[in-house]
Amino acid sequence: MKKPSKTVKIGSMTLGGSGFAVIAGPCSVESREQFQTTAQWVKKHGAQALRGGLFKLRTDPSSFQGLGEDAYKLAFSVKSETNLPFISEITDPRQVSDLEEVVDAFQVGSRNMHNYALLKELGQSRKPILLKRGLAALYKEWILAAEHISKWGNDQIVLCERGIRTFETSTRNTFDLNSVALAKRDTPYPVLADPSHGTGDASLVIPMSLAAAAAGADGLLIEVHPDPKTALSDGFQSLNFKQFEDLMSRLNRILPALQRDLQ
Ligand code: PEP
Ligand code: MN
């Protein structure tokens, strides 16, 4: 039997109620100018929270690893200026105490969904946790990962489908909308969809965002960059400003039919 649905509050944003949430920003925080202009743009067009990676776990160790602690101040000041909650990935349990001063929710990335030591640590934090599905994780393993957090006392969990590796190579990942509908049906947690990583292709992000909303997702995690071709990570899947504006105007047209609205 499904437990009653939960809403999770991340700063001023509520996930899992009748509202629909858009969390947007760059894959990586690269500079003040890049993060600030992106934050202002996504806010102006209706995003309710900011994303931005500080610690990046890259497949190639020689590629950009994120600004890390050096960007805590910068991230904090942009979040304060825009007055939007900020979500960023935690990659190591030793980051908890300092990073929790900067973020409104911790993101557990795909590569760490099976990192049970990290999940245990986050289970003892009071911050909400955005738990991404592992890149090759079964649906069931993802839901059990949420239990690894909740068993230590933190039930402020938001699930996020970000695509999985399958035999299909035409897109970076196979975006599994089945799991969004399944998690909404069978778990008490709010469910987000990340079509940026789910598709790995900016030109597919708008159609799959609309599909995710129609499938019952409570919101979206979207990568946006002022100039995607110069991005230090995931530029190929990042929306430019115009594309983000377009996404929001299309969402605004379909959400009323789904009895939801951007709060
Ligand atoms: C990200 O959100 O930029 C990210 C690294 O995501 P994932 O863990 O899903 O690859
Ligand atoms: Mn990314």
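For the description that follows, Ala, Val, Leu, Ile, Met, Phe, Trp, Tyr, Cys and Pro count as nonpolar, Asp, Glu, Lys and Arg as charged, and the others, Gly among them, as polar. The model is predicted, with local features requiring pLDDT of at least 70 and side-chain atom pairs pLDDT 80 or more, while totals for chains, interfaces and linings use all residues. Residues are numbered from 1 along each chain as its sequence is written, and side-chain values use heavy atoms, with hydrogens and water left out.

By this division, the shell around ligand 1 holds 1 nonpolar, 4 polar and 7 charged residues. Among the residues that surround ligand 1 (a heavy atom within 4 Å) are Arg51, Lys56, Glu89 and Lys132. Polar contacts (pairs of N or O atoms within 3.5 Å) reach oxygen atoms of ligand 1 from the side chains of Gln107 at 3.0 Å, Arg162 at 2.6 Å and His197 at 3.3 Å.

The manganese ion (ligand 2) is coordinated at 2.1 to 2.4 Å by Cys27 (SG), His197 (NE2), Glu223 (OE) and Asp234 (OD), where donors are N, O and S atoms within 2.8 Å of the metal (3.2 Å for Na, K and Ca) and sites may look incomplete because water is not among the atoms. Along the chain, these donors follow the spacing C-x169-H-x25-E-x10-D.

Conventions:
Chains lettered and ligands numbered in written order. Polar contact = N/O pair within 3.5 Å; in protein donor to acceptor, adjacent residues only side chain to side chain.
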